[in-house]
Amino acid sequence: MKKIFSNIKGDAFGGITAGIVALPLALAFGVSSGLGPEAGLYGAIFISFFAALFGGTATQISGPTAPMTAVSMVIIAGIVAANDGSVEKALPAILTVFLLAGLIQIGLGFLGLGKYIRYIPYPVVSGFMTAIGVIILLTQILPSIGYYPKEDVEFVAQFKPQAEEVILENILKEEAGEGILVLENFKETIDRAQQITPEQILNESQTLAAKEASGTVGAIKVLPRALKHINWLELMLALGTIIIIYGFKRITTAIPSTLVALVVVSGIAYGFNLGYRPISEIPGGIPIPRLEMFTNFSLGSITPYIFTALTLSLLGAIDSLLTSVVADNMTKTKHKPNKELVGQGIGNSIAAVFGGIPGAGATIRTVVNINAGGKTKLSGMIAGIMLLLIMLALSDVASKIPAAVLAGILITVGIGVMDYRGLKAIPSLPRDIKLGPVRLSSEVLIMLVVLLLSTFWDLIYAVGIGLVIASLMFMKKIGDLTAERSDVKSLKEEAWDDEGNFPSALKEEVFIKHLKGPLFFGSTSDFQALTEQIPNTAKTVILRLGRMQYMDQSGLYAMEDMLQDLSKRNIQVLFVGLLKQPRYMMERIDIIPNLISKDHIFKEFDSCLNWIKSNVKDEF
């Protein structure tokens with residue numbers, strides 16, 4: 001407890017700043033999910049507070065994130081469609097999925113599975129994150145130009161015949177369940193059909209129109225029609241938001257540009273009474289638990305949602321633990337992955353009970369917290385309290401925010417969340433597999449498969465398929481390498497035979513690290529800890545790479561990050577025994593010669609030793 005209150009001033013400033021940064025994103029993610037801005041706020045409040053209180057990363061700020069919201073949006077849309085397009089009818093089932101996801105995360109933490117998250121290969125993560133960005137961009141085009149399919153009279157009218165069929169089918173289903181639908185009572189069925197009102201047909205038509213335009217495929221289908229019905233005021237509000245977000249960053253990063261855009265554009269729209277479309281009303285007062293999900297709770301009622309909840313929980317785990325690694329690198333600390341999963345699970349479970357959307361560790365908010373002085377769990381708890389106070393005091397004001405402003409914010413989120421590092425590497429990576437007449441990089445193939453399937457089919461299945469393909473390709477590569485060098489044995493970290501003549505006077509200035517076996521997505525975590533092993537006295541690092549037969553894209557970027565870190569510390573690196581495949585990978589993205597010059601690559605240790613004797617001096 002003393003540790004939590006050891007940095008009250010810094011944590012307070014960090015938490016308040018992170019809470020302010022989270023506000024516009026929470027509202028935007030709530031609207032995007034389909035449950036409304038209050039769902040985003042409730043998620044941000046409860047996840048931030050309880051994930052910080054019970055989690056294993058001291059400086060992490062949690063809340064709704066782009067990946068979690070994108071998956072939640074798909075889940076919500078599917079459950080709402082199965083409940084006649086009614087969010088209220090679907091809400092208990094939706095919140096049940098979110099609650100299950102949180103409980104599963106708690107279970108994963110107690111089972112100690114947090115450490116296995118690192119085995120997700122880079123191309124799968126890259127394809128998934130880029131798909132998240134594409135999904136957000138495509139789904140926010142319509143609200144950013146002020147086009148809402150349910151309000152397009154001509155478009156809705158196209159669905160009236162289908163709406164009548166749906167209503168009649170529902171009547172037949174109801175009567176079959178009530179035992180009315182028999183030949184003698186068919187007259188009652190006809191009477192009910194004749195009582196269908198134009199309002200019922202219109203409502204059902206609007207539901208079908210919204211369903212037709214939902215998701216990425218729906219947005220693309222409707223886009224040509226939407227472009228003929230642009231609301232220029234809404235478009236200008238969205239563009240103004242985007243311009244301020246990117247432009248204000250060039251002036252200063254001390255104040256979050258997203259918040260500045262939200263306040264400025266909303267203030268102009270409201271102050272000049274521009275007749276814009278506001279977001280839905282945000283309820284004031286203390287959040288109330290949504291206990292209706294427990295009314296008809298049974299094992300049979302939750303069984304259909306277990307797989308969906310599992311995939312949502314795994315995504316939240318990956319999202320959170322990746323952010324935890326970022327926090328570790330910034331604070332030079334070490335998070336507790338299993339405890340972090342328990343904290344995230346508790347936060348998501350409580351958020352679900354109060355009607356909030358699920359979330360995870362948020363990288364930008366965590367970085368803001370650390371830079372503002374946050375060091376302990378108290379900062380994340382303060383961020384949650386800050387959002388609660390804002391909601392209680394300013395819910396009426398927040399309800400007047402233009403919907404186009406939140407669409408503009410989400411567009412910048414979509415642009416920012418895409419993995420440009422992976423996309424830039426596509427033309428450079430070696431084409432190591434052949435599909436018919438075409439040669440492709442296996443890393444690129446995995447990324448593209450996950451990207452396309454996630455964007456146009458299903459996020460959850462896409463990741464699973466990507467993992468299967470990555471695992472099969474990895475097994476083939478390792479099998480090939482093992483066949484070539486079947487005598488490879490695991491070795492302890494100790495000096496090799498040819499290092500016996502190394503000058504003892506230079507052992508403090510030179511650190512020798514032996515790499516044995518492939519550097520791939522499963523071993524990058526241990527490799528990244530290399531810099532922590534290097535003594536403060538070392539000015540030169542020798543990497544013995546003669547037994548590192550293979551390097552994949554994850555290992556490639558881990559090597560790049562490590563070399564960049566050592567370069568910043570003015571530590572020079574020498575390679576000894578670099579093999580063909582790893583060298584080819586490093587040359588493709590210019591690690592060689594930009595970070596390691598060819599003069600610092602030696603075939604044999606003896607030639608490296610001669611260079612050391614000529615260029616490194618004993619300073620101790």
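1. Let's start with the strands. In this predicted model, strands β5 (residues 510-516) and β6 (residues 540-547) run parallel to each other and are paired over six bridges. If you want a register mark for the pairing, look at K516, which stands opposite R547 in β6. Strand β5 is largely enclosed by the rest of the structure, because six of its seven residues are buried.

2. While you are at β6, have a look at R544. This arginine forms a salt bridge with D498, with the closest N and O atoms 3.0 Å apart. R544 belongs to strand β6 and D498 to the loop between α21 (459-484) and β5, so the pair ties together parts that are 46 residues apart in sequence. The two ends differ in exposure: R544 is buried, at 6% relative accessible area, whereas D498 is partly exposed, at 33%.

3. How many salt bridges does a search of the whole structure find? The count is 10. The bridge between R421 and E560 is one to inspect, and its closest N and O atoms are 2.9 Å apart. Here R421 comes from helix α19 (residues 420-424) and E560 from helix α24 (residues 553-568), so distant parts of the chain, 139 residues apart, are linked. E560 counts as buried because its relative accessible area of 14% is under 20%. R421 is partly exposed, with a value of 33%.

4. Another bridge joins the side chains of E88 and R290, at 3.8 Å from N to O. This pair also links distant parts of the chain: E88 sits in helix α4 and R290 in the loop between α12 (257-271) and α13 (299-302), with their positions 202 residues apart in sequence. With a relative accessible area of 56%, E88 is exposed; R290, at 26%, is partly exposed. If you filter bridges by distance, keep in mind that the cut-off here is 4 Å, and that this pair comes in at 3.8 Å.

5. Please also look at D152, E154 and R225, which are linked in a network of salt bridges.

6. Which charged residue is buried yet has no salt bridge? That is D328, whose nearest side chain of opposite charge, K334, is 5.0 Å away. A salt bridge needs the nitrogen and the carboxyl oxygen within 4 Å, so D328 and K334, at 5.0 Å, do not make one. D328 lies in helix α14 (residues 306-331). Leaving aside neighbours within four places in sequence, D328 is in contact with T333, K334 and H335. It would be good to have a look at this spot in your viewer.

7. Now to the nonpolar interior. In soluble globular proteins, nonpolar side chains tend to be buried together. The largest nonpolar core in this model has 89 residues, and F98, F128 and I409 touch the most other members. Helix α4 (residues 87-110) gives this core its largest share, 11 residues. Apart from it lies another core, of 34 residues, including L429, I571, F575 and M586.

8. Finally, a closer look at F98. What does F98 touch, not counting residues up to four places away in sequence? The list is L35, S72, I76, L312, N348, A352, G356, I357 and P358. That makes F98 a handy residue to centre your view on, given that it is among the three that touch the most other members of the largest core.

How values were computed
Residues are numbered from 1 along each chain as its sequence is written. This is a predicted model: local features need pLDDT of at least 70, side-chain atom pairs count only at pLDDT 80 or more; totals for chains, interfaces and linings use all residues. Side-chain values use heavy atoms; hydrogens and water are left out. Helices (H or I, at least four residues) and strands (E, at least two) are DSSP runs, numbered from the N terminus. Buried means under 20% relative accessible area, exposed over 50%, partly exposed in between (1.4 Å probe, protein chains only). Lys and Arg count as positive and Asp and Glu as negative; His and the chain ends are not counted. Contact means heavy atoms within 4.5 Å. Two strands pair if DSSP finds at least two bridges between them. A nonpolar core is a set of buried Ala, Val, Leu, Ile, Met, Phe, Trp, Tyr and Cys residues joined through side-chain atoms within 4.5 Å.
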